Amino acid sequence: MFMYTNTDLFDAIRFARRAHCGQTYGNTSYIEGHLKPVANLVKLAGHPLEYQIVAILHDIIEDTDTTAIHLDKNFPTEIVDAVVAITHLPEESYHMYMVRVSHNRIARVVKFYDSLHNLTSTVNEVDDAFKRRVKKYAKNIAILQPLITF
């Protein structure tokens, strides 16, 4: 079993910072506005470093040019597998995506806190799109919560 250190977490942050360069979340950088807050929620819930690393990397395949092959060259298989599991594939129904996420112990925890962060960070945007996001993220939380041990 791989023993993760804070250096591994910092390496993931540097990797994500390069990949998400120029992307924003609200009025701040994507890493500061979304990835670090999700990782912090994971940490506050008592999950170990590998979960926090996946939280930092969880959008990297979906939102950047980074591939699983790039990740495989830089991170252990456990991390890559979880990031791949949390990546929504374009041809995949949302239901099948959530089923796939729920089968990976790290991905389901990170997706839970990702959904929680997305839900709470959009509370001032009350329009039809907001209502759809609330419904989606609340459903994610309802699906994943029973599968997570706190």
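Begin by selecting helix H3: 9 of its 9 residues are buried, so this helix is largely enclosed by the rest of the structure. The model on the screen is a predicted one.

**Stop 1: helix H3**

Display the side chains of H3. The buried residues are Leu49, Glu50, Tyr51, Gln52, Ile53, Val54, Ala55, Ile56 and Leu57. Next, colour the elements against which these buried residues pack, namely H1, H2, H4, H5, H6 and H8.

**Stop 2: the second largest pocket**

Keep H3 in view and add helix H1 (6–19) and H2. Each of these three helices supplies at least two residues of the lining of the second largest pocket. The volume of this pocket is about 180 Å³. To outline the pocket, select Asn6, Leu9, Ile13, Lys36, Ala39, Asn40, Lys43, Leu49, Gln52 and Ile56, which line it. Which helix provides the largest share of this lining? That helix is H2, with 4 residues. If the lining is coloured by class, 5 residues appear as nonpolar, 3 as polar and 2 as charged.

**Stop 3: the largest pocket**

Now move to the largest pocket, which holds about 210 Å³ of space. Its lining consists of 16 residues, and those nearest the centre are Asp59, Glu62, Lys111, Asp114 and Asn118. Two or more lining residues come from each of helix H2 (30–44), helix H4 (60–63), helix H7 (94–102), H8 and helix H9 (128–144). Among the contributors, H8 gives the most, with 3 residues. Colouring this lining by class shows 6 nonpolar, 4 polar and 6 charged residues.

**Stop 4: Asp114**

Zoom in on Asp114, one of the residues nearest the centre of the largest pocket. Asp114 belongs to helix H8, which covers residues 105–121. Is Asp114 buried or exposed? Asp114 has a relative accessible area of 3%, and it counts as buried because this value is under 20%. Then display His34, Val38 and His58, with which Asp114 is in contact when its neighbours within four places in sequence are left aside.

**Stop 5: an aromatic pair**

Select the aromatic residues next. The whole structure contains 5 aromatic pairs. For one of them, show the rings of Tyr25 and Tyr30: the centres are 5.9 Å apart and the planes lie at 70°. The pair is edge-to-face, because that class requires planes over 60 degrees apart. Tyr25 and Tyr30 are both buried.

**Stop 6: Asn74**

Proceed to the loop between helix H5 (68–72) and helix H6 (77–85), where Asn74 is found. The relative accessibility of Asn74 is 46%; this residue is partly exposed, because the value falls between 20% and 50%. Follow the side chain of Asn74 to the backbone oxygen of His70, which it reaches at 2.7 Å. Then select Phe15 as well. Although Asn74 and Phe15 are 59 residues apart along the chain, their C-alpha atoms are separated by 8.9 Å.

**Stop 7: Pro90**

The final selection is Pro90, in the loop between H6 and H7. How does its accessibility class follow from the calculation? Pro90 has a relative accessible area of 80%, and it is exposed because this value is over 50%. Finally, add Glu62 to the selection. The C-alpha atoms of Pro90 and Glu62 are separated by 9.1 Å, and the two residues are 28 residues apart along the chain. Glu62 has appeared on this tour already, as one of the residues nearest the centre of the largest pocket.

Definitions and conventions:
Residues numbered from 1 in each chain as written. Heavy atoms only, no water. Buried < 20%, exposed > 50% of the residue type's maximum accessible area, 1.4 Å probe, protein only. Contact = heavy atoms within 4.5 Å. Polar contact = N/O pair within 3.5 Å; in protein donor to acceptor, adjacent residues only side chain to side chain. 1 Å grid on protein atoms, 1.4 Å probe; cavity = no way out; pocket = protein on both sides within 12 Å on 5 of 7 lines; lining within 4 Å. Points joined across faces, edges and corners; volume = space filled by probe spheres on them. Nonpolar A, V, L, I, M, F, W, Y, C, P; charged D, E, K, R; others polar. Phe/Tyr/Trp six-rings, centres within 6.5 Å; stacked < 30°, edge-to-face > 60°.
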